[in-house]
Amino acid sequence: MEIGQLITLVHVAELGSLNKASERLHIVQPALSRQIRLLERELGVQLFERHGRGMVPTGAGTQVVARAVRIMQEIGQIRADMARERTALSGEVVIGLSPNVAELLIVPLARRLASQHPSVKLKFATAYAGSIQEWLQTGDVDLAVIYEQNKVTTIKYQPLLREPVSVIMSPVLLPPGTNSISFRTLSNWPLILPSERHSLRGIIERIASEHGVELQTRYEVDDFNAVRDLVSAGLGVALLPAAGFDLEAGTLTALPLHDPTIIRLVALASSIMRPLTATGAAVAQAVVDEVRTLVADGVWAAELMLE
């Protein structure tokens, strides 16, 4: 039994496809298929059900995948432990951030790290959670602060915050005496929503369907700055967490959404296949400390989930 076979097993099980695993691991598909066959032959069991839609682990396969994940985690931890022995806190750490989290976190985090660990170089990459999770699995980012969506077995999630989705609008659109917005009345508002690849869009549309609300989508925008500009111009309202929006300037306001509320979970994520180095762990701790500070100072309107 070889480590490469276990790595292949875990990724094929997660993606449900040899082709997708081939693209992620940069190994030709026939080689991956051979690794699975050799592992099945050695163990004497069928690990996958193969059908037209892909590959699904059998009962035995599920057991082997769970153990393989733990083995990969231990191997990665050995490497990380030895790296801590031979290196000081220096080098580059790549952090993936959801767009509005980036608006709020990049500058204070950079200041904190510049003070605590001046030899550490930070590289920031912004995208939506699905893309960042893929980057964690391919090693393109070391850790991430993202909104939780579909969890995957090869990523470790540390809950940070529970953050409500608000109605972001220009004060010129705000009816007098309005302190909150009912989800059931959203059909009356011109909405600025993210595209369908954004997990929040799916959540909003599912709730709208459940409550019989017909959404009036005026603009579909993924760029955070563009959303902010459209809202400031009074061209529509956005449904997003308030984090990252400058509400002090008076050009924007954030109203609570109710009936129902929408809560998003913010997590610190890293790959269990590539445990953090000492430098990465120090950056992760700096993220946790900065999140605590931002919430305590009232800059980030959210509920801490940290102990």
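A residue counts as buried when its relative accessible area is under 20%, and as exposed when that value is over 50%. Keep that in mind as we walk through this model, which is a predicted one.

Let's try the cut-off on Phe-245. Its relative accessibility is 8%, so Phe-245 counts as buried. Phe-224 also comes out at 8%, so Phe-224 counts as buried too. These two belong together: Phe-224 and Phe-245 form an aromatic pair, with 4.8 Å from centre to centre. Their planes make an angle of 45°, and the pair is classed as tilted. A search of the whole structure turns up 1 aromatic pair, so you've now met it. Where do Phe-224 and Phe-245 lie? Phe-224 is in helix H8, while Phe-245 is in the loop between S10 and S11, so the pair ties together parts that are 21 residues apart in sequence.

Now for the inside of the protein. In soluble globular proteins, nonpolar side chains tend to be buried together. Here, the largest nonpolar core has 31 residues. Those with the most contacts inside this core are Val-167, Phe-183, Leu-186, Val-227 and Ile-262. Which elements each supply at least two residues of the core? They are S6, S8, H7, helix H8 (224-232), S10 and strand S11 (253-258). There is also a second, separate core of 30 residues, and Leu-113, Leu-276, Ala-284 and Val-291 are among its members.

Take a closer look at Phe-183. Leaving out neighbours within four places in sequence, Phe-183 has contacts that include Ile-204, Ile-207 and Ala-208, as well as Leu-257 and Ile-262.

Three of those names take us to helix H7, since Ile-204, Ile-207 and Ala-208 are buried there, along with Leu-200 and Arg-201. Why do the buried residues of H7 line one face of the helix? Seen down the axis, they fall within an arc of 135°, so they end up on one face. On the other side of H7, Ser-209 and Glu-210 are exposed. The cover over the buried residues of H7 includes strands S6 (155-169), S8 (191-193), S9 (217-220), S10 (237-241) and S12 (263-271). You can check the length of H7 as well: at 1.5 Å a residue, its 12 residues should span 16 Å, and the end C-alpha atoms are 17 Å apart, which agrees. After H7 comes Gly-212, with a positive phi near 65°.

One of the strands covering H7 is S6, and Val-165 lies in that strand. With a relative accessible area of 2%, Val-165 is buried. Beyond its neighbours within four places in sequence, Val-165 touches residues including Leu-200, Leu-239, Leu-240 and Ile-262. Val-165 and Ala-238 are 73 residues apart along the chain, yet their C-alpha atoms are separated by 9.6 Å.

Finally, compare two glutamines. Is Gln-137 buried or exposed? Gln-137 is buried, at 5% relative accessible area, and it sits in helix H6 (residues 129-138). Its side chain makes a polar contact of 2.7 Å with the side chain of Arg-24. Gln-149, in the loop between strand S5 (143-147) and S6, has 26% relative accessibility and counts as partly exposed. Not counting neighbours within four places in sequence, Gln-149 is in contact with Ala-129, Gly-130, Gln-133 and Ser-199.

Terms used:
Residues are numbered from 1 along each chain as its sequence is written. This is a predicted model: local features need pLDDT of at least 70, side-chain atom pairs count only at pLDDT 80 or more; totals for chains, interfaces and linings use all residues. Side-chain values use heavy atoms; hydrogens and water are left out. Helices (H or I, at least four residues) and strands (E, at least two) are DSSP runs, numbered from the N terminus. The expected span of a helix is 1.5 Å times one less than its number of residues. Buried means under 20% relative accessible area, exposed over 50%, partly exposed in between (1.4 Å probe, protein chains only). The arc is that of the directions from the helix axis to the C-beta atoms. Contact means heavy atoms within 4.5 Å. A polar contact is a pair of N or O atoms within 3.5 Å; within protein, one must be able to donate a hydrogen and the other to accept it, and residues adjacent in sequence count only if both atoms are side-chain atoms. A nonpolar core is a set of buried Ala, Val, Leu, Ile, Met, Phe, Trp, Tyr and Cys residues joined through side-chain atoms within 4.5 Å. Rings of Phe, Tyr and Trp (its six-membered ring) pair if their centres lie within 6.5 Å; planes under 30 degrees apart count as stacked, over 60 as edge-to-face and the rest as tilted.
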